[in-house]
Structure formats: structure tokens, C-alpha cells
Amino acid sequence: MNKTILHLDLDTFFVSVERQIDSRLKGKPVLVGGLSDRGVVAACSYETRGYGIHSGMPMKMARELCPEAVTIKGNAGTYSKHSDLVTEIIKEYVPLFEKSSIDEFYADLSGMDRFFGSYKYASELRRKIINETGLPISFGLSVNKVVSKVATNEAKPNNQLKIDYGLEKTFLAPLSIKKIPMVGDKTYQTLRNLGLRKVGTVQEMPMDVMQRVLGKNGTVIWKRANGIDNTPVTPFWERKSISTERTFDKDTIDVVKLKGILIAMTENLAYQLRRGEKLTACIMVKIRYSDFNTYSKQLRIPYTSADHILIPKILEMFKILYNRRLLVRLIGVRFSHLVSGNYQIDLFDDTEEALNLYQALDAIRNRYGDKSVIRASAMGSKTIGRMHNPFNGQPPIVLAHRKQ
Ligand SMILES: [Mg+2]
């Protein structure tokens, strides 16, 4: 039985939110990101694209290319709120959906055709989102996630596209190979060097040739080029979480020690987020006292993966939670409501130093292990750490180095 998969993507999301707040920005070239000389463009309006501007580019360069652009320092809190608003509407309409990033969703509409017509249903949902939030959004509808995502990108800005069953290859063939999800700059160059430019040419190649040139990735790219993809829509995105907890050999009332452990746990989980290119929007602290009563506190926060934002919040929650003068048996930290996203989202500020520091520290952790650098206040808690990457089930590369 064929599936019907919907992909929804908010158009130039950060820019659209800014325009929703200040309508004078409509129709003007807008850049959102870090405003310092070393800041990066997080989002740019369609009006700037003709100048060769794209997200991820240094803000300084973007400003030189388009001096008349309005530049805005992003605000993760505002964007998270608008993202939640859209999520709530989708949740009402489709029980089985996946929030894959702050502005992107997949929904499985299989079986709906009999009752409503899934295209009509998706169109209504899109109309509702636009009416209720004022944010432009596009969608693609097809037999699987990959084809729908490509369809959304072709539909943009602010439009929709349906690829009928059986027409996946025909739809993909004339497109540039750059449009296949997961073909980055490096893969693109490799494919170009092979004389490949259009998806159609990849479709005509034998799969094993692609595999020989690009390894395992080659097979995936070949399948995607041919419109083949069986990845399921992963529901219950709220349940995606990472957590860590510690039961003490001997119950403790040492608050300094407890705080140190919480800091170490937060630092470690935040690093796991960044390594998996994830952000959290909900954090939880848990305490179990020596009498086995367990208390927990949960807090919704703007999407982030930055230690300097997470640690103070965790300590604040602990302060509220730890109100019984009793020995503690267990403490734990959990991050949930995870979505894919780059941690630069919290770093709209003039904090390239912070960004550089994170990159440098994470590079050390990637190489020498997740406990190789920790905050001084967490020094007493060296045993906090994970041995594997929670997002792919793979052990970290660092274990190999550690033994040497
Ligand atoms: Mg988007």
C-alpha cells in the first residue's frame, strides 16, 4: 500500500516572524543573524537572494553584497514561540506528525484519501496556519519524505505541490543534483567532477557505480534520486529526549557537590545535543530523597543547546526543587522536545567569542572524549558522561583514542 507523506516548511521562518512583528519589513530585503563583524546570516528574505546571499554566510559579506538590506539581530525566544503556535495547529489536524526542525514538519496522511482527499486536507491545514499565524508556509505531498521535501522546496515561496504516485522520477529528473537532500557542497563537487548535473543522469547510472565512488552515501543518493525512500514519520516528537541521572552510593546533603554534578550533567547533555545537531525546548530536573519520595520540575524554554543558557536554568530549578532538608539519593537532568537545529540559534548576540569557545571545546571533546573539558565547578563530577552518541547509537570515535 502506498503512503501519503506531507512535508511542511515555513518560508524564511525567522524573517517571516520579524515581518509579522513589524509589517514595514514586508517586501524589503531582510537579513537575520548575528550583527557583529563575525556574525553569521541565520535567515535571509527572498529579496536578498538575487545578490548571492544565502544563510550561513558571514553577515559582513552579506551586508557588502546588499547594503540596503535591513539587518536584525535574531531572537530565539520569539521564534520558538511562533514555532510552537504552528506545532499546535498541526497537532490538532494530524495525530501522526514529526517536528523535524524549528520550522519543518512531516505528517503521514496515509489512508486519509478515502475520506477527505489528502491534498485537500493538506491545503486546508496550510490555509489555517497562514490565517492564524500570518506566517507563509509551503508544502509538498507525495509517496515519501524525500520526494515531498524536494517538492516543498520547488513549491516555495508560499505555495504547494503534489507529486502523484508513479511520477516521482519524472518530477526529480530535470532538477539539479544539488536539490537532493544530503547532497552538500563536497558531494556536489564530486558528482560534478563525474560529469553529473541533473538528477536524471544519476537515475540512469547503475547503483553500484555510485556506491563505488561515494561509498554508502552513494547508494542513499542514488535511491533518493530515483524517488525511493522508506523513512517513516517518527511521531511523538515531544518524547524524544536525552537524560542522565546519578544514584549516590551514600545519600548526600552536600549542596555544592549536588550543584557540581548538575552542572556536569547539563554540560554533558548539551554537548550531546550539539554533536547530534539538536536543540531542546524543555528541561527537567529530578530529585529523589532518602525516603524515596521523588520530585521533578519541568520548564519550557526557547530552543537551545548552549551551556551558558542551560546551566543557570537547571540550577534555578534545583534551587526551587530542593526544599526538604533531607539526604538526597538521586538527581537527574532531562532534555526533551528535541528538534534538529544548529546551536547558532542562541548566538545571535555579539558573541562570536562564545561561539568560537563552544567550537573549540567541542572539537577537544570530539577528539579526546566528552569528559576531557569540563567547567571548574563540575570538576568533582568526572564520572558524568556518555559513552555513545544518543542520536545514532554509534560509540564515539574518541574511545579508540582513549586507550592509547
Ligand atoms: Mg524553512
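Start at Ile-314. Setting aside residues within four places in sequence, Ile-314 is in contact with Leu-262, Thr-266, Ile-283, Val-285 and Val-333. Keep in mind that the model on screen is predicted.

**The nonpolar core**

Keep Ile-314 selected and add Leu-6 and Leu-262. These three have the most contacts inside the largest nonpolar core, which has 90 residues. Now colour helix H12, residues 255–275. Helix H12 gives this core its largest share, 10 residues.

**The whole chain**

Zoom out for a moment. The chain has 404 residues, and buried residues make up 39% of them. Show the cartoon: there are 15 helices and 13 strands. Now think about contacts between residues at least 6 apart in sequence. Of these, 65% join residues at least 24 apart.

**Strand E7 and its partners**

Select residues 137–142. This is strand E7, and 6 of its 6 residues are buried, so the rest of the structure largely encloses it. Which residues lie on each side of E7? Ile-137, Phe-139 and Leu-141 are on one side, and Ser-138, Gly-140 and Ser-142 are on the other. Both faces are covered.

Next, add strand E1, residues 5–10. E1 and E7 run antiparallel, joined by 6 bridges. Find Leu-6 again: Leu-141 in E7 stands opposite Leu-6.

Now add strand E8, residues 160–162. E7 and E8 run parallel, with 3 bridges between them. Click Gly-140, whose bridge partner in E8 is Leu-161. Then trace the chain from E7 to E8. The path goes through helix H6, residues 145–155, and this β-α-β crossover is left-handed.

**Two annotated aspartates**

Select Asp-9 and Asp-103. UniProt, in an unreviewed entry, places the feature "binding site" at these two residues. They are spread over 95 residues of sequence, yet they cluster in space, with a largest C-alpha distance of 5.8 Å.

Take Asp-9 alone. Where is Asp-9 placed? Asp-9 is in strand E1. Is Asp-9 buried or exposed? A residue needs 20 or more C-beta neighbours within 10 Å to be buried. Asp-9 has 21 inside 10 Å, so Asp-9 counts as buried. Beyond its neighbours within four places in sequence, Asp-9 is in contact with Asp-103, Glu-104, Ile-137, Ser-138 and Thr-152. Ile-137 and Ser-138 should be familiar from the stop at E7.

Move to Asp-103. Asp-103 sits in the loop between strand E5 (97–101) and strand E6 (104–108). Asp-103 counts as buried because 24 C-beta neighbours lie inside 10 Å. Show the residues that Asp-103 touches, leaving out those up to four places away in sequence: Asp-9, Leu-10, Phe-13 and Ser-83.

**A three-stranded open sheet**

For the last stop, select E2, E3 and E4. They form an open sheet of 3 strands in the order E3-E2-E4, and the pairing is mixed. Which strands stand at the edges? Strand E3 (41–44) and strand E4 (70–73) do. Each has a single partner strand, so one side of each is left without a neighbour in the sheet. Turn the sheet and follow the twist, which averages 25° from one strand to the next.

Finish on strand E2, residues 30–33. E2 pairs with E4 in the parallel sense over 4 bridges. Click Gly-33, and then look across to its bridge partner in E4, Lys-73.

How values were computed:
Residues are numbered from 1 along each chain as its sequence is written. This is a predicted model: local features need pLDDT of at least 70, side-chain atom pairs count only at pLDDT 80 or more; totals for chains, interfaces and linings use all residues. UniProt positions are given in the numbering used here, feature names are shortened, and annotations may be inferred rather than shown by experiment. Helices (H or I, at least four residues) and strands (E, at least two) are DSSP runs, numbered from the N terminus. A residue is buried if 20 or more other C-beta atoms lie within 10 Å of its own, exposed if 12 or fewer, and partly exposed in between; C-beta atoms are placed from the backbone. Two residues are in contact if their C-beta atoms, placed from the backbone, lie within 7 Å. A nonpolar core is a set of buried Ala, Val, Leu, Ile, Met, Phe, Trp, Tyr and Cys residues joined through C-beta atoms within 7 Å. Two strands pair if DSSP finds at least two bridges between them. A crossover is right-handed if, with the strands pointing away from the viewer, the path from the first strand over the helix to the second runs clockwise. Axes are lines fitted to C-alpha atoms, for helices over the stretch in contact, and angles run from 0 to 180 degrees between N-to-C directions.
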